[in-house]
Amino acid sequence: MGNDILTVVVPCYNEEEVLPETVKELGGILQGLVAEKKVAANSKLLFVDDGSHDKTWPLIQKYEQEFGYVTGIKFSRNYGHQNALVAGLTVASKHSDIMITIDADLQDDVNAINEMVDQYHAGYDVVYGVRNNRDTDSAFKRRTALAFYSLMGKLGVELVPNSADYRLMSKRAVEALLKMKEQNLFLRGMVPLVGFPTAKVYYARKERFAGESKYPLKKMIKFAVNGITSFSTAPIKLVMGLGLFIVMVGIIFFIYSLISKLTGHVVTGWTSLITSIWVLGGVQLICLSVIGEYVGKVFIEVKHRPRFIIEQDDFSKLFN
């Protein structure tokens, strides 16, 4: 039971304000698990510096010197949150039995890690951290989040509602996840595809300890669009349905115009003509953008470029 090596993967992007408290909080949890013999003594906190421009990496290196359980890897540039998570899991899976991913902002309750590890020892390979409420969110964010989960469910995408990227995964679960080689990462949809026994741990999400959110509205919208287009072809089918609907409306207008001509009730004017041109033009542009989104994803995937490039890997050095 106490021989399982745990690695807590923490993606970081410009987190110098919160990092000292993050190391303190997570370090306390990790040391407690070691003392209770739930995980091995050589378990680690693995910080992934996602191309930060502040003092995040120097701080990680400082804590490596101060605490034997702290280590890190550094990207050559910013590759994004999802790639940082995958990089951490890729490196950690070579030497770890259990991996937990959690953001550095301390909004996710670190105390839930204890229960996650207990669920792992009970036989679960994937343990999701699930929010028990959304009281810390604005009304707008709360409604849009619930609408997103509802929409994804209707599109046939299996997600765990109110669960982000705070989760525990066993070694075999991570290895199965890493076999999925797509460039357009949406881990919330990919992890459920792994299968294996799963459990949930509920917790109350807190306000960000310090610093600014790395997910403003623009990024959240982009993230949602990526999730939809990465896991469902429903938008393309919707485009076809929309096209058929417009054709039917056009036929109805044609019949109406023909009847008006034959009965002599022709009303001259340009309003209806201009309106139809603008509406049809807008619909065509929307359709092209939806199709272009999918074509763009294919364009990115076929290049087979690396998801990330690691400039410095202090974690692997510990096992060499």
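Where does K37 lie? Hi everyone, let's start there. K37 sits in the loop between helix 1 and strand 2, the strand that covers 44-49. Before I go on, please keep in mind that this is a predicted model.

Back to K37, then. Its phi is near 60°, a positive value in a residue other than glycine. For background, most residues other than glycine have a negative phi. As for its surroundings, K37 counts as exposed because its relative accessibility is 62% and the cut-off for exposed is over 50%.

Now to N14, another residue with a positive phi, about 55°, although N14 is not a glycine. You'll find N14 in the loop that runs between strand 1 (6-12) and helix 1 (19-35). Is N14 buried or exposed? Partly exposed, with a relative accessible area of 26%.

Next, let's look at helix 3, residues 81-92. Its twelve residues reach 17 Å from the first C-alpha to the last, close to the 16 Å expected at 1.5 Å a residue. How many of those twelve residues are buried? Eleven, so helix 3 is mostly covered. The buried ones include H81, Q82 and N83 at the start, and V91 and A92 at the end.

Last stop, friends: R131. This residue belongs to strand 5, which spans residues 126-131. R131 is buried because its relative accessible area is 9%, and the cut-off for buried is under 20%. Which residue has its C-alpha 5.5 Å from that of R131? That would be N162, and the two are 31 residues apart along the chain.

That's my tour, thanks for listening!

How values were computed: Residues numbered from 1 in each chain as written. Predicted model: local features only at pLDDT ≥ 70, side-chain atom pairs only at ≥ 80, totals over all residues. Heavy atoms only, no water. Helix = DSSP H or I, 4+ residues; strand = E, 2+ residues; numbered from the N terminus. Buried < 20%, exposed > 50% of the residue type's maximum accessible area, 1.4 Å probe, protein only. Expected span 1.5 Å × (residues − 1).
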